[in-house]
Every structure is written in structure tokens, then in C-alpha cells.
Amino acid sequence: MFSDLSAQREGSSLLCRPASEDQGPVFERTSLDYSPRTERYRVGDRSFNRQYAHIYAARLMEMRPLLSERAKHKWGLDVHIRKLCDLETGEQCCIVGTLFKRMDLQPSILKEISEEHNLLPQPARNKYITEADELILEDELQRIKLEGKIDRDKCVTGSVIAIFGAEKNDGKFTVEDFCMADLPSQTPRPTLSCDKFVLLASGLGLGSSRADSMLGLQLLVDMVTGQLGDEGEQSGAASISRVLLAGNLLSQSTQDKDASTKAKYLTKKTQAGSVEAIRLLDELLLQLVASVPVDVMPGQYDPTNYTLPQQPLHRCMFPLSSVYPTLQLVSNPYGANIDGVRFLGTSGQNVCDIKKYSSMDSHLDILEETLRLRHLAPTAPDTLGCYPFYQRDPFILEECPHVYFSGNAPVFESKLIQGSDGQEVLLVTVPNFSSTQTACLVNLRTLRCEPVFFSAFSADEDEESEMNISH
Amino acid sequence: MDELYLDNIDEYVNDHNKIVTYKWLSLTLGVHVNTAKQMLYHYLEHKRKESSPQLHATYLVSGKLEDKGQTCHKVSVVREEQLEDFKSKMSLVVSVHVYSVQKALLKDSGPLYSVDYDAIKDNLKNCSRHSAIRCAGAVPMSAMELQQVQEIQRAPPSAPENKKSAMNGDANMASKPSSKPQKGIMGLFANKSAPKNQDNSKEVKPEPKEESPVPEAPKSKPAAKSSPMANFFVVQTKKSEKPAEKQQEAQLAIASEQQHQRTMAEEPAAVEPHKETKTDPRSKTKRMEESDSEEEKMEKKKRRRIKKPQPDSSDEDVIPDSPPQMKTSEPSPKKEPETVQHSHTSSGTKIRRRRKVLKSRTFKDEEGCIVTEKDYVSESYSESEDDFQRTKQAPRNNNKAKLPSSSKDNDKKTQKKSSASSNKGSKQASIMGFFQKK
């Protein structure tokens with residue numbers, strides 16, 4: 001654990017007079033091998049002329065052989081794997097296709113703008129699932145309704161699965177069992193000799209009207225850069241070899257555009273909230289990059305494109321910190337090989353989207369589900385904005401990561417899961433810093449994750465004070 | 001260790017009534033952060049022994065905390081009164097040190113943040129100098145390395161997209177095939193109109209560079225286009241200089257000019273004449289569209305290069321466009337940085353140009369029917385049209401003279417209005433002829 005590491009030293013406490021020598025100890029930041037794997041998520045020439053059918057076709061084409069193998073493995077080598085057009089009534093067989101969940105509450109732009117219904121736009125809801133939802137399996141040519149032993153509420157549109165069952169007389173397919181593509185193969189990670197940490201944080205929420213979390217953020221930066229704490233802690237902090245900021249560096253309030261609601265003469269000279277927030281971010285990053293390599297991923301409220309994969313933030317926004325080579329502006333989703341340990345993760349939009357359209361509530365469970373489905377964002381492009389890829393679906397996991405994370409979760413959770421082929425993955429849901437003041441430290445040697453909690457005092461904690469914290 | 005710092009801290013705390021955090025002290029006195037923490041502690045002890053006016057301190061406590069079965073590393077800033085309480089809650093205390101010293105009791109930790117923020121802001125460049133960790137890789141890149149990084153960033157996207165200027169290498173490669181066909185055109189028409197061609201050839205030669213950013217950008221466009229483009233240039237050598245209205249070329253030129261404008265002004269001198277030569281082979285409508293959209297961009301570009309267009313005006317043998325084009329393109333970019341006089345003279349010097357004019361010609365075809373066709377015919381500019389231009393410039397310059405000190409926005413608006421009016425004027429040829437005869 002990080003605390004144990006830091007407390008090992010029996011060095012002098014800082015509650016003493018300064019010693020005669022001028023300089024305090026200086027520790028070297030542990031460096032590590034780093035190679036990013038972000039070419040998959042870079043979208044070069046963007047053309048939105050295509051329809052989204054291509055991405056589904058590419059997805060099915062790529063996942064079909066994998067699922068056929070899994071099906072054979074699970075239900076015997078002689079199981080019939082049929083296409084939907086070849087189905088015979090009553091025959092037990094296996095079909096492979098993309099799931100589609102038809103939900104009544106799913107926001108549909110066509111319904112909204114249709115005048116005959118006279119509908120007002122639907123207010124945003126927490127969950128869009130109802131009892132009347134239907135599951136349908138689609139393959140290249142046909143679709144068929146599903147019923148039976150499949151948990152409709154847990155499934156989401158866009159997942160490619162294999163189903164074992166039979167078609168009944170009424171044209172629906174009765175499910176007896178199903179299987180997912182499960183974890184891909186994993187290259188074993190090298191054994192490390194000493195403890196090295198990677199700090200994961202997300203949801204910094206700069207530029208918000210509430211400034212409560214700023215001291216916590218400052219404490220985080222000070223701890224990582226080695227200014228905070230006594231010698232033991234500083235030497236422990238020197239083993240933090242990388243910082244990964246997983247999205248939502250700006251707060252949601254910077255996205256409110258007065259320009260659209262207020263009159264133009266009132267908003268003419270006002271700057272967007274994100275301008276000041278980016279300046280704050282640049283200063284914060286400057287303090288960090290002068291001391292540790294940082295990877296910055298964009299999130300839902302950051303100034304980059306909306307559709308996944310989000311392209312990296314542009315370096316012109318960070319004039320002070322982009323001078324340092326330690327600043328890496330990366331895409332969302334992001335994959336990298338840090339000292340032999342494969343990291344893969346997103347800023348959380350995929351998990352939040354699945355949460356809205358399924359009955360699962362825990363970000364960690366959803367994260368595990370996406371790993372088992374072998375797809376980062378199955379709901380893209382149905383309900384999650386996505387670029388219309390043509391011949392590839394970059395969200396399919398080709399190699400199993402060692403650390404799989406998603407940002408902006410409400411709480412910190414982590415779990416180590418085992419795959420059927422001996423894969424070992426650490427799942428981490430990185431909590432939103434502006435609300436929880438918590439960051440995560442991943443130990444690369446042991447593949448464990450530990451939360452780090454920052455707090456400051458405020459008038460609230462005093463029993464006798466009547467001051468209100470200004471929110 | 002000399003005890004001067006005690007007096008320093010005393011001054012800050014008591015006289016200036018500041019909140020002295022360890023970070024602020026370390027940056028102000030230029031000492032290691034741990035030394036600063038120790039200094040603060042020493043100061044506190046010293047003052048408390050002397051029982052001088054009340055001082056309050058905040059401490060930083062960090063350690064392991066067991067919370068609902070999960071251990072976490074907790075780092076917190078606490079008031080002095082809460083220190084022991086916090087320490088007792090933790091299962092393992094890693095570090096404790098003085099965070100800040102101040103005269104007043106702090107209810108809220110907000111001011112601590114603002115003090116640190118101010119301290120950092122004043123010392124942005126070396127905020128890590130006094131920290132306890134050094135990172136070998138964190139050295140700011142020099143300007144050369146920065147440029148390299150920028151180019152690397154530009155190079156991969158430029159292949160699929162054409163938003164940025166390509167590398168010079170690509171540019172030179174692209175310019176060669178394009179300049180050759182152009183010279184071929186010159187060669188073909190050497191007999192017909194020698195002076196004109198010489199003008200053109202002169203323009204072509206000094207312009208391979210200027211063209212380079214332009215053709216490379218479109219040439220780096222989807223490869224499918226590049227071969228028709230090359231073919232197009234080749235074809236053009238065979239045809240007369242009659243500019244065919246080809247959509248491709250129009251788009252090419254529009255794209256090229258937009259991209260050219262987006263490049264940093266490497267050869268600002270040739271932007272204007274280059275633009276005008278490029279607009280030759282295209283239809284008037286296309287030209288006008290471009291100029292409208294590019295007007296603002298040109299203005300912005302020209303604002304940066306205030307001095308440079310001046311030497312240009314004397315060198316170039318730029319073929320001016322048809323009068324409306326001249327108005328929109330030339331005066332609009334030039335008005336802000338330059339004086340009225342200059343724009344007048346510069347426009348005046350651009351006299352000798354070839355121009356494509358929409359003319360209708362009637363002829364008899366095979367069946368003996370008389371056919372009227374509208375077509376572009378190149379025509380050289382003559383003196384009469386200079387006067388025409390000058391008279392057009394005069395009212396325009398008056399406009400400018402009236403508004404020398406107005407804001408740029410207003411200038412732009414007048415520009416656009418005058419350009420709009422001049423555009424309208426040009427369509428009604430008869431009215432212009434009216435002025436012309438003066």
C-alpha cells in the first residue's frame with residue numbers, strides 16, 4: 001500500500017527546527033517505459049457522409065468468428081451455428097448476432113419532431129427501461145425476437161452475442177442459454193522489482209462556480225510533485241511515475257452557453273466559461289508536468305468533439321504546459337503500455353450510457369460487462385455519439401488490458417477479475433474528484449488499487465459555527 | 001543556520017497579516033519545501049515560548065485510514081485543535097507537518113488555497129524548483145524541438161485531411177509538376193501573345209514557392225483527385241487559355257486559397273498577386289464567392305503583415321480581375337494597415353493584366369443556324385480601365401478618408417458595403433460605362 005511505503009522511513013520528522021544544511025532531500029522520480037497505443041482512436045479524415053450501418057456490419061463481421069468459437073467451446077463442437085435466414089422451426093441451434101433492445105422510452109428524434117403526435121421533448125430520465133422492452137437479435141440479413149432465459153434488463157443494444165435455443169412456432173426464438181465473447185487473450189505482464197504507482201484521477205471540474213474542491217486539487221498536485229508531506233511521503237510520491245487524468249477536467253457549468261438563452265447585447269463581451277477554466281487547467285498542468293509525466297484524456301464536458309472516440313485536446317490551449325515533453329494529450333478511449341502493464345480506459349461516457357439503458361447501477365459491474373462483451377461501448381452509435389466508421393470498429397477489444405478503468409464514477413470501486421484463459425484484469429472506476437476528492441493509485445507491481453482521499457477543513461465541521469459554506 | 005527567517009516570518013505574519021503557508025514561504029525565501037516547513041515549526045515554537053500574540057496554525061496530516069473495510073490513504077489539512085483527533089483516527093500516520101501559520105483563526109480552508117495560488121502564479125516557471133522530487137524528463141523543450149513536435153503533429157493529419165499546410169518537401173514535389181504544365185502553356189502560346197506570356201511566365205517562376213503551399217494542399221487531398229488535377233493541368237496546355245469553367249478547379253482554387261491563407265505568411269508578398277492569378281481561369285461567380293468568404297480571412301492576414309505588401313505593389317505584374325473583384329480583394333485587405341494613399345497607388349499600379357471577360361459571340365454552326373454563345377475570352381487590360389479603376393477607387397478612398405479612426409468593424413462594414421455596391425455597379429455595365437468615359 002502506498003501508505004506503508006511512505007511510512008517505512010524513519011527519517012526525521014518535520015516538526016523540528018531546520019537543520020544546518022540548506023537543502024532538503026531530493027528524490028528522483030521513477031521513470032518507466034511508456035508507449036501509447038492510441039492510433040486506433042485517431043480519426044484522421046472525417047467524413048460524415050456514411051451511415052452507421054457500416055460500423056454494425058464491421059462489428060458483426062469481426063466478432064462472429066470469435067463467438068462461433070466460444071459457442072462451440074460451450075455447447076459442444078457439433079452445435080449448429082445457423083444464420084437467421086436458415087433457421088428451421090424447432091431445431092436447437094445457435095445463432096450469432098447483434099442485440100437490439102426496443103425501448104418505448106428511448107428518446108427518438110423522429111417522435112419529437114413529428115407533428116402528428118404533438119409531443120413535447122421528453123425530459124431526461126435516469127433510466128429508460130420499462131417492463132415492455134423487447135429484445136431482438138439481428139444478423140446481416142434478418143432479425144428475430146427473443147424470449148426466454150435472457151435477462152432483458154441487463155442487455156443493451158449493440159452487444160454481439162451467441163444464443164443457444166430454438167425457434168418456436170410463433171416466430172420468436174426461445175433462448176436457453178447465451179454466451180458473450182469474453183475476455184480476449186492477454187500478454188502476461190512483466191514482474192517488476194519495485195513498487196511503481198500510476199495515479200488516476202478524473203472529474204477535476206475546473207471552472208465551476210463552487211470552489212470547494214480547489215484546495216483538494218492543490219493538495220493532490222502538491223502531493224504528487226513532492227511538496228507535501230514529510231520525507232517518507234515525498235519519497236513515496238517519487239514512486240508515482242505517471243498521472244492519468246481521465247476526462248471532465250472542466251466542470252459541466254462551463255458548458256452552459258448564455259449565448260443561446262440570453263439576448264445578444266447582454267452576452268456580447270462575455271467570454272465562455274471554458275476559457276477561464278482552460279487557463280486554470282493549464283496552470284495546474286504546468287505544476288504537474290514539471291515533475292511527472294501526465295496523460296490528459298478529454299471527457300464529456302471538455303472542449304473537443306462530442307462523438308466517440310474523442311480526439312485529444314489541442315496543445316494550443318495549453319501554452320504554458322505544452323512546452324514540457326511530459327505532457328501527453330491523448331484521446332478518449334485511451335490505451336497505453338506503461339512499463340509492460342497495459343492500460344485501457346475511457347472517461348466514463350460509455351459506462352454512463354449503459355447505465356441509462358439497463359438495470360445495472362454499479363459502474364464496476366457495467367465495466368465488467370463491457371469487458372466480457374469484448375466491446376468498449378456497445379451502445380455506440382445507437383444512444384452514444386460515435387463517428388461513423390467504415391470498415392473497422394475500434395471499440396472492439398483486441399487484446400486484454402491489465403488495468404481497465406473508466407472515469408467520472410460516483411464512487412471509487414476496484415476489482416480484480418480472472419479470465420478463462422488465465423487473464424487477470426484490474427477493474428477501476430475512477431471517482432469524480434470534484435465531488436469525492438478521491439483519486440486512485442494503481443500499484444503496477446501488485447496490480448492493486450488504492451484510493452487517496454484529500455480533505456480540508458471547513459466551517460461545517462465546527463459544532464458551534466453557524467457559517468454556511470457558500471455553494 | 002541564521003535566524004533571519006524568524007524575523008521574516010514574524011514580519012509576514014504580524015505586520016502584513018498574511019497567511020504564511022509552507023509553499024509560499026518556500027517560494028518567497030527560495031528554500032526547499034521541507035526547510036520551509038521546519039522554519040514554520042521553529043517559528044511557532046519560538047513565538048509560543050515568548051507568549052506573544054496569539055498565533056494559529058494548520059497542520060497537514062496524512063496516513064492510512066480504515067473506512068468500512070477499505071483502506072485509503074488520506075491527506076488532510078486540519079486545524080491545530082483537530083490534529084490529535086485526526087491522528088488518533090488513522091491507523092498509520094505517515095506524515096505530520098505545519099501547513100500554515102497565521103494570526104487569525106481560520107474557519108475555512110479557502111484562503112489557504114488562494115494564498116498558494118497567488119504564490120504559484122508569481123512563480124509559474126519554477127514552481128517545482130524547491131520541491132523534493134526531480135523528474136529527469138521534465139525539461140521544457142526548446143523552440144526547435146517545439147517546432148518539430150508541431151510539424152509531426154501536422155504531418156499525419158495532413159495526409160488524410162487538408163486542413164494544414166504540408167511539409168515543405170511535399171510542397172516542392174507538388175509544385176514541380178504543376179509549374180511544368182504551366183510553363184508548357186507558356187511555351188504553347190509563345191507565338192500568340194508574347195508579352196502576356198512573358199508576364200505570366202514571370203509570375204509563374206517567382207511563384208513556384210507560393211504555389212507550393214497551394215497545390216500541395218489540394219494535391220494531398222484524396223488521391224483520386226490528384227490525377228484528374230494533373231490531367232487537368234496537362235489538358236490545359238493543349239487548349240487555349242480559354243478558361244473552362246471546371247468545378248474541380250474552382251473548388252481547388254477555393255480550397256487552395258483558404259488553405260493558403262491558413263498557412264503562416266511565408267511568402268506574403270505573393271499572396272495577393274497569386275490569388276489574382278489563380279482567379280483567372282474561373283468564373284466570375286466563383287470568384288465573387290471566394291472573395292466574399294476570403295475577404296475576412298485576407299483582412300486578418302493582411303493585418304499581420306502591415307509592411308510587406310508595400311514592396312509588392314511595385315514588382316508585380318499582376319493581372320487584376322474584373323473590376324468588382326479588384327474592389328473586393330484589393331482594397332478590403334489593404335485598407336486597415338495602409339493609408340488611403342497607398343491603397344490608391346497600389347491599385348493604380350496593377351494595371352497590366354489579362355482578364356477573362358464574359359463575352360457572347362455569335363457564329364454559324366454546321367446546320368446554318370446562328371448560335372450565340374457566352375464564353376470567357378481573355379483580354380488584356382487597357383488604360384481606359386485603369387481610369388475606370390481609379391475613379392472607382394476615388395469614391396472608395398473617400399469613404400476611407402471619412403472613417404480613418406473608426407473601428408475595424410465599421411471599416412469592414414463599409415468595405416463590404418462599398419464592395420457590395422461596386423459589385424452591383426459592375427453588373428450594370430452601362431452605368432459603369434457612363435463613368436468610364438470621364
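**Note on the two-chain model: shared sheet, interface and backbone outliers**

1. Helix over the sheet. Helix α4 of chain A, residues 213-225, lies across strands from both chains. From chain A these are β9, β10, β18 (438-443) and β19; from chain B they are β2, β3 and β4. The helix runs at about 125° to β19(A). Note that this is a predicted model.

2. The sheet beneath that helix. The strands that α4(A) crosses belong to an open sheet of 10 strands with mixed pairing. Read across, the order is β12(A)-β11(A)-β10(A)-β9(A)-β18(A)-β19(A)-β3(B)-β2(B)-β4(B)-β1(B). The edges are β12 (327-329) of chain A and β1 (20-21) of chain B. Each edge strand pairs on one side only.

3. Where the chains join in the sheet. Which strand of chain A pairs with β3(B)? It is β19(A), residues 448-455. The pairing is parallel and covers 4 bridges. One position to inspect is Phe454(A), whose bridge partner in β3(B) is Val75(B). Strands of a sheet pair through backbone hydrogen bonds, either parallel or antiparallel.

4. A pair within chain A. In the 10-strand sheet, β9(A) and β10(A) are neighbours. They span residues 197-201 and 240-246, and they pair in the parallel sense over 5 bridges. Phe197(A) has Ile240(A) as its bridge partner in β10(A).

5. Extent of the interface. Chain B brings 69 residues to the contact, and chain A brings 74. The buried area between the chains is about 6,300 Å². Carbon and sulfur atoms give 58% of that area. Three residues, His73(B), Tyr113(B) and Ile133(B), supply 11% of what chain B buries against chain A, more than any other three.

6. Polar links between the chains. How many salt bridges are there between chain B and chain A? The count is 2. One of the residue pairs in a salt bridge is Asp222(A) with Lys23(B), at 2.5 Å from N to O. Asp222(A) falls within α4(A), residues 213-225. Between the two chains, 13 residue pairs are in polar contact, with both residues at pLDDT 80 or more.

7. Which elements of chain B face chain A. The elements that each supply at least two residues to this side include the helices α2 (22-29), α3 (33-49), α5 (110-122) and α6 (143-158). Strands β2 (56-67), β3 (70-79), β4 (92-102) and β5 (133-134) do so too. β3(B) gives the most, with 10 residues. By class, this side of chain B has 35 nonpolar, 20 polar and 14 charged residues. β3(B) is also the strand that pairs with β19(A).

8. A second sheet, in chain A. This open sheet has 6 strands, in the order β2-β13-β14-β15-β17-β16, and its pairing is mixed. β2 (34-36) and β16 (413-418) stand at the edges with a single partner strand each, so one side of each has no neighbour in the sheet. Neighbouring strands are turned by 20° against each other on average, direction ignored. At one edge, β2(A) pairs with β13(A), residues 334-338, in the antiparallel sense over 3 bridges. There, Ser35(A) stands opposite Asn337(A).

9. Cis peptide bonds in chain A. The bond from Leu308(A) to Pro309(A) is cis, with omega near -10°. Pro309(A) sits in the loop between β11 (294-297) and β12. Another cis bond joins Asn332(A) and Pro333(A), with omega about 5°. Pro333(A) is in the loop between β12 and β13.

10. A positive phi. Asp339(A) is not a glycine, yet its phi is positive, near 55°. Asp339(A) lies in the loop between β13 and β14 (341-346) of chain A. Most residues other than glycine have a negative phi, and most peptide bonds are trans.

Definitions and conventions
Residues numbered from 1 in each chain as written. Chains lettered and ligands numbered in written order. Predicted model: local features only at pLDDT ≥ 70, side-chain atom pairs only at ≥ 80, totals over all residues. Heavy atoms only, no water. Contact = heavy atoms within 4.5 Å. Buried area = accessible area lost by both parts, 1.4 Å probe. Salt bridge = Lys/Arg side-chain N within 4 Å of Asp/Glu carboxyl O. Polar contact = N/O pair within 3.5 Å; in protein donor to acceptor, adjacent residues only side chain to side chain. Nonpolar A, V, L, I, M, F, W, Y, C, P; charged D, E, K, R; others polar. Pairing = 2+ DSSP bridges. Axes fitted to C-alpha atoms, helices over the stretch in contact; angles between N-to-C directions.
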